[in-house]
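Q: Could you take me through one strand closely, its burial and its partners, and then show me how it sits among some other parts of the model?

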Amino acid sequence: MMMLMFLLVWSRDRSSWENLCFSITVFGVVGLMAFEMVSMHTESPEVYGGAAKWTHLVYAIGVAGALGFVHFYFGTSKRWLLGLAIGLRFLAVVANFTTGQCLHLKYIHSLQKTTFLGEQVSVLGDWEINRWVLLGQFASLVQLWYVVDASIRLWRTGSADDKKRAVVVGGTLAVFIIAASGQSGLVAAGVLKMPFIVSIPFFGLALAMCYELSRDVLRSARLSRELQESERRMALAAGAANLGIWIRDLVKNEIWATDQWRGLLGFEKLEQINFDGYLKKVHPKDRENLNRVLSKAIESKGHYETEYRVVIPEDRIRWIASRGQVESNKDGKPLLVRGVSMDITALKQAEEKFPLVVEASPNGIVLVNSDGEIVLVNAETEKLFGYGREELIGQVAEMLMPERFRVAHQGHRAGYFALPAARPMGTGMELFALRKNGVEFPIEIGLSPIQTKEGTLVLAAIVDITARIQSEFEIQHQRAELAHVARVSTMGELAASVAHELNQPLGAILANAEAADLFLSQDPPALSELRDILADIRRDDERASEVIRRMRALLRKHEMENLPLEINSVVEDVLQVVSGDIALRKMSLGVDLAPGLPKTTGDRIHLQQVLLNLIINGMDAMVDQPRERRRIAIRTRLGADRMIELSVSDLGHGIEVGKSERLFEPFFTSKPNGMGMGLSIARTIVQAHHGRIWAESNSNGGATFRVTLPVAPAIAKL
Amino acid sequence: MNSANPTVHIVDDDASFRNAVSRLLRAAGHQVQCYPSSAEFLAAKPGAVPGCVLLDLHMPGTSGLEVQEAFAQTENPLPIIFLTGHGDIPTSVRAMREGAEDFLTKPVKKDALFPAIERALARDARERIERALRREVSARYETLTAREREVMALVVAGNLNKQIASDLGTVERTVKAHRAQVMEKMQVTSVADLVRASDILSR
């Protein structure tokens, strides 16, 4: 039954050779069973011998079928090895028919009865072994080699499913070959007293092959179900995307198409469509081009993409994008074109507006292709660069930049086309453009990739930032100027302590000099005193110079620097300047500097100014306080958010509720003679350092001003 | 060190300045004593021997004016010359009103410093004599009875015995006896000397 079934499968699909092979194997099994049954139940040695002879023939057929199955089913076997294995097997059959009773037996003298599986059967009684049996055993060995080799190859190269196949079919076949040749060999040699039962392992092999083939049948059924499902989904997706799908039969000159396509082109639902009818719908101006594209595709049996217009009622135009693939038969004759079409009218209208938008843009716009050639410029670009557009189109974009950037830019351009994305150009770099008259000007450029029929283009939007840089520079300058004014006025407030600090060493110097005068006039002059005096004078002179240097540093006009600095050293500098004033005003000072703080970046002088301002404010706030409450506390620490924090606390009159932000406004002051600029400038300075400054009221009265500054980024050591 | 020699006390928190001025004064032949703070100066009871003080106006802790105030309460306050790096008028006026000998700004020249010191030392010597005299006269005055003090006051005021007797409601003979007692206890021989002693007491 099985044999017939798979024979039927093969007859319907001639290419499924494994089905034929399986049928042959089953034929072998059935034949083998029949002849083994005959030999088991005969009384005559002649009949036994005859049956044995035919057994070898069907065995050879069955083996050939199984080996062929392996060949077609695995697809990995060696063809020559297959030939050798089958050839040897049939050579053994020839020997079987030409020598002795059969391949195994030369003469059978008698049979005897024995019990096998509970049944009385005939087995060999007295016989002579045929030497040609060795040929049969050798043939089995080659078969085994072939099967194992093919299985191993499949195992190595195949999928998980193939591996399973290699084990089930290859393994069973190998076991069968060993069992069959072993059992028959041992029986013929007289070691085993039992009938030849090669058919039993052979049957097992047939079952294994059947199992594999049935799985294939089931799998293909499932595949076909899935295919139907995916076709349905495809139709749904095409409908949703408003894609029209069509097939043009070149032989019958018919076009089959989905309803969407008919809708796009303006055909009725059931209308018969041929190519001429289709062309009539196309805009007369596009017909020729479309025809040419299609003919070329059919001629080359290739793929095409095109766009064309169709005229729909009320003389409106619809843009269609279409792509198709020509399919031909085995002889290379084009049979049909299969493809999809979609409505791109909206896209086309946008494209038509594009040049208008570009032209009207207040920025300079330059469109560049992947070769770096300028494709399009707008009026603003002409104005910016001083070139007419006819001078720019087709030129390399690098002509618009100063010489020194050109080579590097070519590399950047290639990199951009490899990974196009909308972004500003040269982030963090200062960009310059070159005008026709050779003048450079600073610019900012935004880049956007644009996909077009001509490939990817890059749209560069260019802004001249000369004016902006100028005003930024002026703001910066004014800020520095204002900060300087504030510093000078702050230093004015410190005049008393500054005088004290300077007069101290100057007084010492004068006294020393006059003492030296007196010592010199003594007889004998006190030379050791003079030496001490000179050393002291030098030291005091350095001290005075140091005071002056610090004052000058603070009073110097200067633009902001941006260098790594330690906040604690800023505090120490300021304390040196202000300590005299603190003593003079009978304030006490608490300093708590966290050791080992990371550095921040910024301008030492400006930060000193901020701190100086906070300390003086704190002292001013405590003027009316009793002496034990005139205490100012300066603290540094590393905040939880990795910001360096500097705080100045006082025990003064504190901050009025709701005024803590107004403090930082210009001209806001609580002092009778205050200008109201100090904190406003302090905030400007701190913000320029990417930090924050704010005020808080203390629970014990008074106010705390806090400044936070970011930690300097780690700089790799060179 | 001869304790009878006047000593110049220098009080300044700035060691460098202290040493330099000390050196200058020593070169000029003065005894010098230095103090880094007003507290140490006051603790040393410097008034025991003659001298004067060079006091820095601005010091951490007790300021110069406060030292002056505290020092004035002692038995033998020495004349004070203030030194300051930066003098302002209100402070100097206050210092002078409180009896400072001088108010000098740093840097100070010896031509200004030395005369000031000489003046201060001379004043100290003078004040010491006056203080000694006053102490002696007051000690004598302490021995007078209440009636004798009344009589002395009226004599010094220039009253005749008769007027005094009438004022006190007694007889002239009794007044005469009191008057002799007063002259003896006060160790004076003339009314003019008694007037001078009364003058010393009233200072």
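A: Here is a walk through that strand, followed by two helix regions and the contact between chains. This is a predicted model, in which local features need pLDDT of at least 70 and side-chain atom pairs count only at pLDDT 80 or more, while totals for chains, interfaces and linings use all residues. Residues are numbered from 1 along each chain as its sequence is written, with chains lettered from A and ligands numbered from 1 in the order in which they are written.

Let's start with strand S8 of chain A, residues 364-368. Strands here are DSSP runs of E with at least two residues, helices are runs of H or I with at least four, and both are numbered from the N terminus. S8(A) is mostly covered, with 5 of its 5 residues buried; buried means that 20 or more other C-beta atoms, placed from the backbone, lie within 10 Å of the residue's own. Both faces share in this: A:Gly364, A:Val366 and A:Val368 are buried on one side, and A:Ile365 and A:Leu367 on the other.

Now for its partners, where pairing requires at least two DSSP bridges between two strands. S8(A) runs antiparallel to S13(A), residues 455-464, and 5 bridges join them; here A:Ile365 has A:Ala461 as its bridge partner. With S9(A), residues 374-377, S8(A) pairs in the antiparallel sense over 3 bridges, and A:Leu367 is matched with A:Leu376. The hairpin of S8(A) and S9(A) has 5 residues between the strands, and A:Gly372 takes a positive phi near 85°.

Over in chain B, the axes of H6(B), residues 146-156, and H8(B), residues 172-185, come within 9 Å and cross at roughly 90°. Axes are lines fitted to C-alpha atoms over the stretch in contact, with angles from 0 to 180 degrees between N-to-C directions. H6(B) is therefore roughly perpendicular to H8(B), a term for angles of 65 to 115 degrees. H6(B) contributes B:Arg147, B:Glu148, B:Val151, B:Met152 and B:Val155 to the contact, and H8(B) contributes B:Val175, B:His178, B:Arg179, B:Gln181 and B:Val182. Residues are in contact when their C-beta atoms, placed from the backbone, lie within 7 Å.

Also in chain B, H5(B) covers residues 110-142, and its buried residues include B:Leu113, B:Ile117 and B:Leu121.

Finally, between the chains, 23 residues of chain A are in contact with 19 residues of chain B. On the chain A side, H16(A), H17(A) and H18(A) each give two or more residues, and H16(A) supplies the largest share, 16 residues.

Definitions and conventions:
Contact = placed C-beta atoms within 7 Å. Buried ≥ 20, exposed ≤ 12 C-beta atoms within 10 Å, placed from the backbone. Expected span 1.5 Å × (residues − 1). Parallel < 35°, antiparallel > 145°, perpendicular 65-115°, else oblique.
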